[in-house]
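Colleague: Please pick one chain and take me through it closely. I would like its fold first, then its contact with a neighbour.

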Amino acid sequence: MIQMFAQSFVNGVNLGALYGLAAVGLSLAFGVMKMMNVAHGEFIMLGSYIAYWLFMLFDIDPFLGIPIVAFVLFLIGAVLYKLLFSGMVTFHEELKLKNSLLVAFGLFLVLPEVAKLLWTGDERMLTPSYSGSSFGLFGVRFGYVPTIGLLVSLAVITLLQLFLNKTYFGKSARATADNWKAAKMMGVNDARTYIITFAIGAALAGIAGVLVGLSGALTPGMGIGWTIKALIVVVLAGMGSIGGAFIAGLILGVAEAVSAIFMGPYAITVGLILFLLILMFRPQGLFARG
Amino acid sequence: MISMTKRSKQASAWGAAVFLLMLVPIVTLRNDVLSFLLTFFLYITLAQSWNLIGGYAGQMNLGHGAFFGLGVIISRHLWLGVGLPIPLAIMGGALAALLMGLIIGIPAFRLKDIYFVMGTLVFAEILRIIVYTNLPRASVMPMNYLTHYSLVPRYYLSLVVAVIAIVVMYVISKAKVGLGLTAIREDEDAAGCLGVGLLRHKLFAFTVSTFFAGMAGGVFAYYSVAVTAGHMFEHLWTFDAVIIAFVGGVGTILGPVVGAVFFAFLKQFLSMYMPEGVHVAVFGVLFILVVLLLPGGLIELIRKIRGR
Amino acid sequence: MLEVMDINVFHGDIQALWDVSMTLQDGEIVTLIGANGAGKSTIAETIAGFIIPASGSVLFDGVRIDDEQVHKVVDMGICLVPEDKGIFPSMNVLENLEMGAFTAKARKARDETIRTIYELFPILKIRSKQLAGTLSGGEQQMLAIGRGIMSKAKLLILDEPSLGLAPQITEEIFEVVYQIHKTGVSILLVEQNVHIALGLANRAYIIENGRVTKHGEARALLDDEHVMDAYLGTGM
């Protein structure tokens, strides 16, 4: 019995790290630019497929391919931002939010079709040789892939936090998130901040995509599910809280895994219901900033 | 006097169009033509009904498809399971959707802007998962119905529902309620200060919108030979409605109609030369273009061209 | 140093400033005084580059800045401390100050400047690790001004520094402003508190309904009946 819980807990943490990583990019973009990119899951999807390509065409191990995927998604994000979203930054917040939502919705319609074109609608699997293997510890199974994935997630989050807290660009991004007018007055080039932040968000989604690709099947339509997951985590944590997003992801992952013991296939609804509850009773999220 | 002539001109144009459409089954009994038009009418109903809450009231409801799906399964059950005649079954489905709209609307409208959008999306997702898990098997029309299956009554039903939807939307848009909705869309806080009952107006628009979504579902339940419950709750029903309304011209009566024409024909055209699903990408691009460059949609484009 | 020439500024379709002109010489303290909504902040924001005038020009050290982006204007040596103080609530005091030294020039002198600011505002040193959002109004204003100093600007624009502050804190802050001025920084002070503004400044411009109605030496205006009539009792 305890073992079942322990296993579920471990599975939940692995899953949760994935959720957290998936959400962090969205939280960053929203916090700094106050724009809701509902095509975030599509970036994750692209990350998965690019990792797939690297593995199938060039024999590059998915984990080792992460920097490449991150770079590619960074570029894609920057280009898409420049084309679609850069005109909106001057709007006032409500209109900016609504328009960014709509444009991102358009992206959500287009990108899966692009993926279908490049990779067909068939399911793909990303399975390096160590895929199914695991090691046991205290009677609990730790899969190689999820465990390395967890370590990667932690490393990425730590790097991100360092970046945001220690580098000048990171601080300027945080400052812009707090008060873009004042940040401009400090000499921050807000246009450049926005495009780089968006691109970083896309890169983070790409990294999450690699891990997602390793943990399940790849289909062109997989993005929307992850967008919803990321949205739930971001709302749970509170818009704009990066570290909180990761923790909220872990909470969600564990909650889903443990409730799977009792609820079976309905475990997925746990997150959704949690989401609605938070929206109703504590819309600012669990870790809202000061 | 001039406005009377313009209005009666418009009315006769509409009347002529409807009359011509009513003649179609007399001219041809080709299944593909009737099916195409039937689906086209369905899109009009779906897009018009969404337009009321999303376009006129400005509340971006991403759960529209769930009410359609509810209409489908309730109507289907009332018709095939309980044995009610089709008109009653469809009313039942529509009323169920209306009721659900009322239940969901009251808490949902406490959420502001983007939270409302996400909340409706998540609600639809929850319903989709529950239905998929509980009703995995398709419902197929029994043999005796299949042998007598004719597209003609279904065609007329779909046409009638679409016409009713358009008329109702038109009446609402001209009534005081419609003005209130437009005020809410433009500036909710200001509208509230002016005494527009925010919740009442939103709920009204929402329930009418879900009622017609449910009705569309009923039509679909009557039309489709096999129905997989979960598929009826897919987000694509919502997104199709949203796309049509936006590309056509959100917040106008003619917009969803024009958009539906464009959508249906483009889809048909593309399906002949391109792999399936390309029409979605094309519409995605159009959607983005509309949002960025032409917020009034095709209606605005037509007006601009006419204005020249 | 600063020349504003006949600027006409609009907020959307509404005109906010009509043919406003003013100058500021190197090393001066010039104040813009006027009632709420007169347009003083609009002038400040236009100079800083947030608003582009519909007509007219703004020159800084002979270079036109009215069509420049804000961060370029900052690079040239102008720093605006806004009315709402514009601090970053989720960052701590030290981080806020560091953000003030964003430009390359300011970054070099950063640590030294921070020490100076801690001497001027000892309370900021005590609260250096505290989140800026939790500071009191007066402390936030000190932080905002400290951040302005960090930028090593040649011209510091202060928008209503006394707003919402108790008299004693206001005095302390203006004492520091005077100290800053003594180090060679020119100051453009936008204020509703006429007495303290005219007490500090060399010259003053009176702004009423988007126009400059009077200007001259601060001492002279202090005695001017018109000014006293218009603003008797105004200010905190």
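Modeller: Here is chain C, starting with its sheet and ending with its contact with chain A.

The model is predicted, so local features need pLDDT of at least 70 and side-chain atom pairs pLDDT 80 or more, while totals for chains, interfaces and linings use all residues. Residues count from 1 along each chain as its sequence is written, chains are lettered from A and ligands numbered from 1 in the order written, and side-chain values use heavy atoms, without hydrogens or water.

Start with the sheet. It is open and has 6 strands in chain C, in the order 6-7-8-3-9-10, with mixed pairing. Helices (H or I, at least four residues) and strands (E, at least two) are DSSP runs numbered from the N terminus. Two strands pair when DSSP finds at least two bridges between them. Strand 6 (78–81) and strand 10 (211–217) of chain C are the edges, each pairing on one side only. On average, neighbouring strands are turned by 15° against each other, direction ignored. Angles run from 0 to 180 degrees between N-to-C directions, with axes fitted to C-alpha atoms, for helices over the stretch in contact.

Now look inside the sheet. Strand 7 (residues 155–159) and strand 8 (residues 186–191) of chain C run parallel, over 5 bridges. Here L158(C) sits opposite L189(C) of strand 8.

Two helices pack on this sheet. Helix 1 (residues 40–48) of chain C touches strands 3, 6, 7, 8 and 9, and makes about 145° with strand 8. Helix 8 (residues 167–182) of chain C touches strands 3, 7 and 8, and makes about 155° with strand 8. Contact means heavy atoms within 4.5 Å.

Next, chain A. The contact takes 25 residues from chain C and 19 residues from chain A. About 2100 Å² is buried between them, 63% of it from carbon and sulfur atoms. Buried area is the accessible area (1.4 Å probe) that two parts lose on being put together, summed over both. In chain C, F50(C), H71(C) and F102(C) lose the most, together 26% of what that side buries.

There are 3 salt bridges between chain C and chain A. Each needs a side-chain nitrogen of Lys or Arg within 4 Å of a carboxyl oxygen of Asp or Glu. E95(C) and R174(A) form one, at 3.2 Å, N to O. Helix 2 (70–76), strand 6 and helix 3 (93–100) of chain C each supply at least two residues of the side facing chain A. Helix 3 gives the most, with 4 residues.
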